[in-house]
Amino acid sequence: MKTTCILMGMPITVEVLGSDDETLVESVFAFFRQVDERFSTYKETSEISAINAGRLRPEDASPEMRAIFAMAEQTRRETDGYFNIWRDGRYDPAGIVKGWAIAAAAGILRRAGCAHFYVDAGGDIEAAGHNDEGEPWRVGIRNPFDIRQIVKVLAISGCGVATSGTYIRGQHVYDPHAPGRPIKEIVSLTVVGPNIYEADRFATAAFAMGRRGILFIERLAGFEGYMIDAGGQATLTTGFGRYVLS
Amino acid sequence: MSQRQSSRPSPLLRAVKKYSVSAFVVCSFTAYAVHERMLGADAAALAAASQAPSVAVAREVPMPPTLTPAPRQIAGAAPGVTPSPMQIAAPRPTAAPAMLPPAPPTAAPAVALGPYKDGEYTGPVVDAYFGNVQVKATIQNGQLADVSFLDFPNHRRTSVRINNYAMPYLTSEAIQVQSARVNVISGATLTSEAFAESLQAALSQARS
């Protein structure tokens with residue numbers, strides 16, 4: 001059973017094999033809705049909006065909010081400050097909430113006894129077990145230069161896959177320290193990790209590191225990465241090949 | 001005596017010789033240093049990376065203490081509820097790889113959506129963190145026929161440090177379009193969020 005909802009401004013898809021339990025899948029979407037109500041910076045009524053408006057102090061916030069803040073702070077320290085939910089004078093925890101919510105949704109399915117499923121929220125994926133052909137889930141990496149294409153096919157089971165990036169259609173990013181000299185900056189960084197929470201937060205941070213990001217992923221035990229630069233050249237971490245189908 | 005003296009270089013000549021030997025030594029050293037630096041750039045990049053902070057990876061995703069799935073809600077059961085999510089019951093993945101944008105949910109049973117009206121609809125500019133995203137949706141015969149970007153991130157506000165190192169010797173390849181079918185696609189998160197948001201807004205114009 002495969003179901004897609006547009007929630008949190010993005011398509012969220014849940015596919016579960018061997019189950020037609022609509023109420024279970026609906027409870028997963030209800031969970032995402034609950035997360036959105038609390039953490040969306042687009043909703044005036046959300047708890048995060050109350051914090052940003054100064055109506056609520058972070059230390060007085062709900063346990064869920066404080067847990068997210070703690071995870072964000074831990075990630076900030078682990079990534080040399082490249083991950084930071086504090087921007088432009090306000091908190092935006094989306095970078096940590098999304099991966100965490102997908103992982104938690106996968107937890108709901110696991111606790112209900114589901115062994116073969118994936119949860120995909122806006123291109124960040126947690127996949128468990130196998131697909132309907134009894135093989136690992138086939139996860140494509142989208143072409144950052146043409147969103148209708150894929151440039152890599154991975155076999156994923158029991159891991160999280162997250163991609164950070166931007167579509168720049170061939171424009172060059174310029175090094176402000178050397179104007180006039182085009183550099184091939186990165187446009188897409190895919191990270192495979194032990195779960196989507198870990199993969200997503202490190203993909204976000206490593207992307208902000210620029211070219212150095214793939215080295216950061218290379219150093220992380222249990223993580224592999226696939227980086228695409230603005231010239232269409234990809235760089236793979238040492239063990240990435242074990243996930244590659246084509 | 002005079003012969004010996006004449007074979008000896010003059011003091012001026014000796015000074016010139018001394019300075020040219022010194023200059024040669026200095027130049028050789030400099031050239032060697034530059035050469036080593038160029039060769040060592042890869043190693044330096046790796047060394048720089050190895051200075052990155054160490055990370056403890058949690059095997060278990062930390063869970064907020066009280067978060068449990070909310071009581072079940074059936075989408076569309078409460079017609080008055082504000083923007084009810086579109087519910088799309090999609091068939092099993094077939095041969096074609098999934099593509100963005102998703103097919104318009106014309107067959108959605110939970111939320112009745114009228115057929116789209118033909119025309120071009122422009123979504124709002126949405127902040128995608130790395131830049132703005134704006135899409136235009138083209139509807140033909142009541143179906144979403146094309147989506148094009150009017151605005152997309154071409155700069156990165158968060159662009160922090162740009163190093164001058166050559167890339168270390170990890171595996172490298174030119175990307176190639178794959179035709180194999182897939183179950184699901186991983187893509188740029190932040191932009192696709194904004195993409196979906198802008199597209200959704202454009203489609204809602206087409207419905208009205």
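# Confidence, helix packing and a shared sheet

Chain B has a mean pLDDT of 55, and 28% of its residues reach 70 or more. The model is predicted, and confidence is a good place to start. Among the elements of chain B, strand β1, residues 87-89, has the lowest mean pLDDT, at 34. Strand β7(B) has the highest, at 94. Two stretches of chain B deserve a look. Residues 1-6 of chain B have pLDDT below 50, and beyond near neighbours in sequence this stretch has 0 contacts in the model. Residues 38-54 of chain B are also below 50. That stretch, however, has 27 contacts in the model beyond near neighbours in sequence.

Turn to chain A. Its mean pLDDT is 90, and 93% of its residues reach 70 or more. Residues 168-176 of chain A are an exception worth marking, with pLDDT below 50. This stretch has 26 contacts in the model beyond near neighbours in sequence.

Helix α4 of chain A, residues 94-111, is a useful point of reference. Begin with its packing against helix α1 of chain A, residues 22-39. The angle is about 155°, and the axes lie 10 Å apart. Angles over 145 degrees count as roughly antiparallel, so α1(A) is roughly antiparallel to α4(A). The crossing of α1(A) past α4(A) is right-handed. On the α1(A) side, the contact is made by A:Leu24, A:Ser27, A:Val28, A:Phe31, A:Phe32, A:Val35 and A:Phe39. On the α4(A) side stand A:Val97, A:Trp100, A:Ala101, A:Ile102, A:Ala104, A:Ala105, A:Ile108 and A:Leu109. By class, the residues of this contact are 14 nonpolar, 1 polar and no charged.

Next comes helix α3 of chain A, residues 63-78. Here the angle to α4(A) is about 110°, with the axes 10 Å apart. The two helices, α3(A) and α4(A), are therefore roughly perpendicular to each other. α3(A) also passes α4(A) in a right-handed crossing. From α3(A), A:Ile68, A:Met71, A:Ala72 and A:Thr75 meet A:Ile96, A:Val97 and A:Trp100 of α4(A). This contact of α3(A) with α4(A) divides into 6 nonpolar, 1 polar and no charged residues.

Helix α5 of chain A, residues 196-208, is the next partner. The axes of α4(A) and α5(A) come within 7 Å and cross at roughly 160°. That angle makes α4(A) roughly antiparallel to α5(A). The crossing is right-handed. α4(A) contributes A:Gly95, A:Ile96, A:Lys98, A:Gly99, A:Trp100, A:Ile102 and A:Ala103. These meet A:Ile196, A:Tyr197, A:Asp200, A:Arg201 and A:Thr204 of α5(A). Charge enters this contact: α4(A) with α5(A) has 6 nonpolar, 3 polar and 3 charged residues. A:Trp100 of α4(A) is worth tracing through the model. This residue takes part in the contact with α1(A), in that with α3(A) and in that with α5(A).

Now follow the strands. An open sheet of 3 strands runs in the order β8(A)-β7(A)-β7(B), with mixed pairing. Strands of a sheet pair through backbone hydrogen bonds, either parallel or antiparallel. The edges are β8 of chain A, residues 146-156, and β7 of chain B, residues 184-186. Each has a single partner strand, so one side of each is left without a neighbour in the sheet. The twist averages 40° from one strand to the next.

The link between the chains in this sheet is the pairing of β7(A), residues 137-143, with β7(B). They pair in the parallel sense, over 3 bridges. One of the residues to find is A:Ile141, whose bridge partner in β7(B) is B:Ser186. This brings the path back to β7(B), the element of chain B with the highest mean pLDDT.

Definitions and conventions: Residues numbered from 1 in each chain as written. Chains lettered and ligands numbered in written order. Predicted model: local features only at pLDDT ≥ 70, side-chain atom pairs only at ≥ 80, totals over all residues. Heavy atoms only, no water. Axes fitted to C-alpha atoms, helices over the stretch in contact; angles between N-to-C directions. Helix = DSSP H or I, 4+ residues; strand = E, 2+ residues; numbered from the N terminus. Parallel < 35°, antiparallel > 145°, perpendicular 65-115°, else oblique. Left-handed = near helix turned anticlockwise from the far one by under 90°. Contact = heavy atoms within 4.5 Å. Nonpolar A, V, L, I, M, F, W, Y, C, P; charged D, E, K, R; others polar. Pairing = 2+ DSSP bridges. pLDDT = per-residue confidence, 0-100.
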